[in-house]
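Me: I would like a close look at a single part of this model, described carefully and set in the context of the rest of the chain. Please take the annotated site and its surroundings as the part to examine.

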Amino acid sequence: MSFLFGNRSSKTFKPKKNIPEGSHQYELLKHAEATLGSGNLRMAVMLPEGEDLNEWVAVNTVDFFNQINMLYGTVTDFCTEESCPVMSAGPKYEYHWADGTNIKKPIKCSAPKYIDYLMTWVQDQLDDETLFPSKIGVPFKQEAHLNTSFKHFIFFVQEFNLIDRKELVPLQELIEKLTTKDR
């Protein structure tokens with residue numbers, strides 16, 4: 001499979017994933033949206049009583065993918081090969097891409113190319129019916145939703161221990177700033 005940023009930049013972002021109305025996954029998404037609307041993100045990430053953990057994680061994963069896609073679409077004109085030649089999290093952390101299949105040895109690449117690799121890889125996972133049988137999501141379109149979306153994501157991965165804390169070190173200052181008042 002070829003990973004070319006040019007293919008992605010012409011689309012701005014990948015198509016959102018959808019699920020049919022009336023399905024159980026659709027009802028889970030509606031539950032998640034309703035709890036998000038309550039303003040309590042810690043409550044919003046908790047597994048609803050009687051629901052399957054894997055299904056809940058899948059529903060939220062697809063929703064995060066859609067939100068990130070929309071948010072990234074708003075910055076593609078500002079983060080170019082020239083303006084963002086390295087994928088980094090400040091001066092101390094630089095990211096190199098490897099997917100373990102097509103690119104086994106991590107490679108240094110620009111931020112847009114890294115994001116293209118990442119989003120293409122994630123989309124391939126979401127398109128794998130054995131991993132994610134449902135396509136869902138409601139994208140956010142405004143910049144103001146970025147912090148809420150990120151905070152929701154952090155609470156979710158913390159609630160279910162989905163990401164090792166050491167992997168979040170580059171974002172620790174932001175995570176603490178966004179989550180301190182919700183403890």
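Reply: In this predicted model, a good place to enter the site is Cys84, which, once residues up to four places away in sequence are set aside, touches Phe78, Cys79, Ser110, Ala111 and Pro112. Cys84 sits in the loop between H4 and E1, and with a relative accessibility of 18% it counts as buried, because the cut-off for that class is under 20%. Cys79 is found in the loop between helix H4 (53–73) and strand E1 (96–97), and it is buried too, at a relative accessible area of 14%. Its contacts, again without residues up to four places away in sequence, are Cys84, Ala111 and Pro112. Ala111 and Pro112 therefore appear in the contact list of Cys79 and also in that of Cys84, while the two cysteines touch each other.

The reason for choosing this pair comes from a record: an unreviewed UniProt entry lists Cys79 and Cys84 under "binding site", an annotation that may be inferred rather than shown by experiment. Of these residues, both Cys79 and Cys84 belong to the lining of the largest pocket, and the pocket is the natural next thing to describe.

The largest pocket has a volume of about 1900 Å³, and the elements that give two or more residues to its lining are H4, helix H5 (111–127) and helix H6 (145–159). The lining is made up of 44 residues, and those nearest the centre of the pocket are Ile68, Ile115, Leu118, Phe153 and Leu171. Among the elements, H5 gives the most to this lining, with nine residues. Sorted by class, the lining holds 34 nonpolar, seven polar and three charged residues.

Some residues elsewhere help to place the site within the chain. Phe132 lies in the loop between H5 and H6 and is buried, with a relative accessible area of 15%. When its neighbours within four places in sequence are left aside, Phe132 is in contact with Ala58, Thr61, Val62, Gln125 and Leu126. The C-alpha atoms of Phe132 and Val59 are 8.6 Å apart in space, although the two residues are 73 residues apart in sequence.

Pro48, in the loop between helix H3 (41–45) and H4, is likewise buried, at a relative accessible area of 12%. Not counting residues up to four places away in sequence, Pro48 touches Leu28, His31 and Trp56. Between the C-alpha atoms of Pro48 and Ala32 the separation is 9.0 Å, and these two residues are 16 residues apart along the chain.

Asn161 offers a contrast in exposure: it is placed in the loop between H6 and helix H7 (172–179), and its relative accessibility of 67% makes it exposed, because that class begins over 50%. Asn161 also has a positive phi of about 50 degrees, although it is not a glycine. As background to that angle, most residues other than glycine have a negative phi.

As for the chain around the site, its secondary structure comes to seven helices and two strands, which follow the pattern α-α-α-α-β-β-α-α-α when read along the sequence. Of the 183 residues of the chain, 40% count as buried, and the chain exposes about 10900 Å², of which carbon and sulfur atoms supply 55%. Among contacts with a separation of 6 or more, residues 24 or more positions apart account for 72%. To return to the part in question, Cys79 and Cys84 are thus two buried residues that a record lists for a binding site and that the lining of the largest pocket includes.

Conventions: Residues numbered from 1 in each chain as written. Predicted model: local features only at pLDDT ≥ 70, side-chain atom pairs only at ≥ 80, totals over all residues. Heavy atoms only, no water. Helix = DSSP H or I, 4+ residues; strand = E, 2+ residues; numbered from the N terminus. Buried < 20%, exposed > 50% of the residue type's maximum accessible area, 1.4 Å probe, protein only. Contact = heavy atoms within 4.5 Å. Areas by Shrake-Rupley, 256 points an atom, 1.4 Å probe, with all protein chains shown as cover. 1 Å grid on protein atoms, 1.4 Å probe; cavity = no way out; pocket = protein on both sides within 12 Å on 5 of 7 lines; lining within 4 Å. Points joined across faces, edges and corners; volume = space filled by probe spheres on them. Nonpolar A, V, L, I, M, F, W, Y, C, P; charged D, E, K, R; others polar.
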